[in-house]
Amino acid sequence: MNKYSIFFFRSIGSSFLLLFIVATTAFGQNKFTISGTMKDKSNGETLIGASIFVMESQSSGAVTNVYGFYSVTLPQGSYTLEYSYLGYEKVVKKIVLTSNTIVDIELPVLSRVLDEVKVVDESRISTSRNFEMSVNKMDIKTIQKLPALMGEVDIVKSLQFLPGVSQVGEGSSGFNVRGGSVGQNLVLLDEAPVYNSSHMLGFFSVFNPDAVKDVKLYKGAIPAEYGGRISSVLDVRLKEGNNKKTEVDGGVGFIFSRLAIQGPLVKDKSSYLIAVRRSYIDGLSTLLTSNNFGLNFYDITLKTNYTLNQKNRLYLSGFFGRDNFGLSDDAKFNWGNKSGTLRWNTVINSKLFANVSAIFSNYNYNLGFNQDENNKYSWNSSISNYVFKPDFSYFINSNSELKFGLESSYYQFNPSKTVGTTNGETVDSSQPKKYALELAGYVSHRLKVGSNLEVQYGIRFSYFNYLGPGTAYTYNDTIPGRKRTAIAERQYKSGESIASYNNPEPRISAKYQLNERTSLKASFSRTAQYVHFISNTSASNPLNIWTPSTNNIKPAVGNQYTLGYFSDLGKNAEYEFSAEMFYRNTVNEIDYINGAELLNNDRLEGDLLSGNGRAYGLELYLQKKKGLITGWVSYTLSRSELKVDGVNNGSWYPTRFDQTHNLKIVGSYTINPKWSTTADFAFTTGTPTTYPNQRYLSQGILIPYNTNNSRNDARLTPYHRLDLSLRMEGKTHKNNGQIRKNRDYWVFSIYNAYGRRNAFSTYFTQSSDRVTSSQAIQTQAHRVSIIGSMVPSVSYNFKF
């Protein structure tokens, strides 16, 4: 560890030690704290974002954190506390507070009968009164209602119906947030980073909905505890497992089947969760074709936990997923993720909560051709990540909360291990591994000032060190946009610093409550990204690589400004409306020279360019939350642009994922307790592309090309699609009138109901028409549609 790392740890550690001393000693003389954990009574799952209200003091209260913990500090006396969470019955507790008290609460789930007649008071937990902005939280029950490709529920594709979220098109992996690229999203699964969130070349995500508990997307106002990406954070939390009884969930569809089992290891103390999925397209193709072409995927999600005592709990979760793509017996391609998270939750005292995590994550892909022992080729690449992360929450009082923590992340990049054998002669063209260390410390304070104003301010300080062993190259200066050549190199020993960077990342958010139903919110956040996603294709694919910031590649830094208006509408606040404006400017965003060689290129840095980016827009959102008809409309008007010396003559140009208009409509109608239907509609402006403006002939072959150095100066045709689904619930009662313990339902869906052939890309070829010697050879434009027809599907789902 070099002197900069030591200085970093000493300064941050000293600050946190001071905060810890203050946190453990700053108790008021006549005040005491009620703290505890809120859980689901039916299965023991902790509840994230549940509310605690003090009836005698409307300004006092709390919300549970991501681990279900809460803390409320009050003067000595008698109080009535109301514990509530959407979809659950309220629990009211009368407490005589004379000392620090632990109160763990289990909320009963609203029964189906109660759910129909009971009005849930959502006014206290509405978006207008919630402090967060630029945050979308998707409930699993809502996700399960949406029509989906082949009837399979998908978390990532569901997010694309929210404002500010988009995708380049069908068959493209990942998602784009507020004009950012796929690689600018930090995707976390139980705190472990996921570097490729897609199965089957982008058609499905790696997240098994049967195992997922909570989905939260931060598009702006990113809290200080998150870092490493400049666009967004998708935080996916897994279920902990039912510690009351054994449950089995599953489903059978056209593409894959899934099964999830959860239950207690020690009742009320320890539980487990095992969820598996496996597709079977390869099996169908084997039956229908004579070759061994096939594409399949599988994933396994695991989690277990153990309660040591009332204040300490251990969690262990893991994910293993893989895609296999076989062209024949001799050509194989596979890729996948694996991750593991070991967490320790501890309540240090009634005000101070800590979570310590040790995390491992890996993404790798392998490509191989094997004609025989004398003629074969293999290529694999990977990125591995080892993270240690202690986080602390100190609940000063009902109006003040302090968060602070550290994060250490060690990276190992394997750009390419490539070995080819031709006629018995073997050539190894592998590239050396790369190593890096990223350190960060953060502190943030959330403060309620009076009855209307609430602010959260903080800072994250990040430090990145690109380490040896390795070779650092120095490149020549050339005409902007042309390939650079290495003119010097230097060797570095193991652990030696090649290049280092550091960035302060301030964050601040504020909410002002105009009245009971309306609020204004604003935020500013600066984020830094030290690892870069390398892709110059129209959409990311499994062969894309990650590379660290080096002596030639600087970290990307972004500043985002957001202003929003939030309101609850209707007599019973059954409607929710929001309007957010955002502006983000970035430096050191990566782009590429024309004809860049990105794969297996040991001089990759010579083909990379960097420049400035900007994204700005308006997001409108209207949701109906209650009644037989529910749903939402989201509309985003935005631009996403880059300015890079050497591209587009140095002028601003739209990014590949720029979409001026993005309209999404979702509606659900409950016909009766047995039948319900859902429809969604999407319309987006066509994505930018570059077309040739000239052509030339070479040996009778027509070659189109671009002469004016333009980039993304044309657009594909607009994208629009309608999806429909019909859900049929199974029987709720046996023939003898008793209630069935098991639940099942059928989903009938149509993806792309009117068969729209949306263009994914357009390419040009020489016309096959015969011409005379005096006629010019013609060109033909070809539009590629990934899904150009209506796709019906049926799936059966069960729970017992």
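**Notebook: strands, salt bridges and buried residues**

I began with Ile52, whose bridge partner in S5 is Tyr83. The model is a predicted one, so I note that local features need pLDDT of at least 70 and side-chain atom pairs count only at pLDDT 80 or more, while totals for chains, interfaces and linings use all residues. Residues are numbered from 1 along each chain as its sequence is written, and side-chain values use heavy atoms, with hydrogens and water left out.

**Entry 1: the sheet around Ile52**

I followed the bridge outwards and found that strand S2 (residues 51-54) and strand S5 (residues 77-84) pair in the antiparallel sense over four bridges; two strands pair if DSSP finds at least two bridges between them. Helices (H or I, at least four residues) and strands (E, at least two) are DSSP runs, numbered from the N terminus. Both S2 and S5 belong to an open sheet of four strands, antiparallel in its pairing, with the order S3-S2-S5-S6. Its edges are strand S3 (61-63) and strand S6 (91-97), each of which pairs on one side only. I also noted the twist: neighbouring strands of this sheet are turned by 20° against each other on average, direction ignored, where axes are lines fitted to C-alpha atoms and angles run from 0 to 180 degrees between N-to-C directions.

**Entry 2: the chain as a whole**

I then looked up the totals, and the protein chain has five helices and 51 strands. Of its 800 residues, 53% count as buried, a class that means under 20% relative accessible area, with exposed over 50% and partly exposed in between (1.4 Å probe, protein chains only). The chain exposes about 35000 Å², of which carbon and sulfur atoms supply 56%, by the Shrake-Rupley method with a 1.4 Å probe. Among contacts (heavy atoms within 4.5 Å) between residues at least 6 apart in sequence, 65% join residues at least 24 apart.

**Entry 3: strand S51**

Which strands did I find joined to S51? Strand S18 (residues 247-252) and strand S51 (residues 791-799) run antiparallel and are joined by four bridges, with Gly251 standing opposite Asn797. Strand S48 (residues 743-751) also runs antiparallel to S51, with nine bridges between them, and here Asp744 stands opposite Phe798.

**Entry 4: Arg343**

I next checked Arg343, which is found in strand S23 (residues 331-347). Is Arg343 buried or exposed? Arg343 counts as buried because its relative accessible area is 5%. Its side chain makes a polar contact with the side chain of Asn355 at 3.2 Å; the term covers a pair of N or O atoms within 3.5 Å, where, within protein, one must be able to donate a hydrogen and the other to accept it, and residues adjacent in sequence count only if both atoms are side-chain atoms. Leaving out residues up to four places away in sequence, I listed what Arg343 touches, including Tyr67, Glu191, Lys303 and Arg313.

**Entry 5: Gly458 and the Glu505–Arg507 pair**

Gly458 lies in strand S29 (residues 453-467) and, at 19% relative accessibility, counts as buried. Gly458 and Ala224 are 234 residues apart in sequence, yet I read 6.4 Å between their C-alpha atoms. Apart from neighbours within four places in sequence, Gly458 is in contact with Val443, Ser444, Glu505, Pro506 and Arg507. Two of these, Glu505 and Arg507, form a salt bridge, the closest N and O atoms being 2.8 Å apart; such a bridge requires a side-chain nitrogen of Lys or Arg within 4 Å of a carboxyl oxygen of Asp or Glu. Glu505 is buried at a relative accessible area of 1%, and Arg507 also counts as buried, at 6%.

**Entry 6: other salt bridges**

How many salt bridges does the structure hold? I found 34. In one of them the side chains of Asp591 and Arg711 meet at 3.1 Å, N to O. This pair links distant parts of the chain, 120 residues apart, with Asp591 in strand S37 (residues 575-592) and Arg711 in the loop between strand S45 (701-705) and strand S46 (714-715). Both Asp591 and Arg711 are buried.

Arg715 forms a salt bridge with Asp658, with 2.3 Å between the closest N and O atoms. Here too distant parts of the chain are linked, 57 residues apart: Arg715 is in strand S46, and Asp658 is in the loop between strand S40 (653-654) and strand S41 (661-670). Arg715 is partly exposed, with a relative accessible area of 30%, whereas Asp658 is buried, at 1%. I closed the entry with the network of salt bridges that links Arg614, Arg639, Glu641, Asp658 and Arg715.
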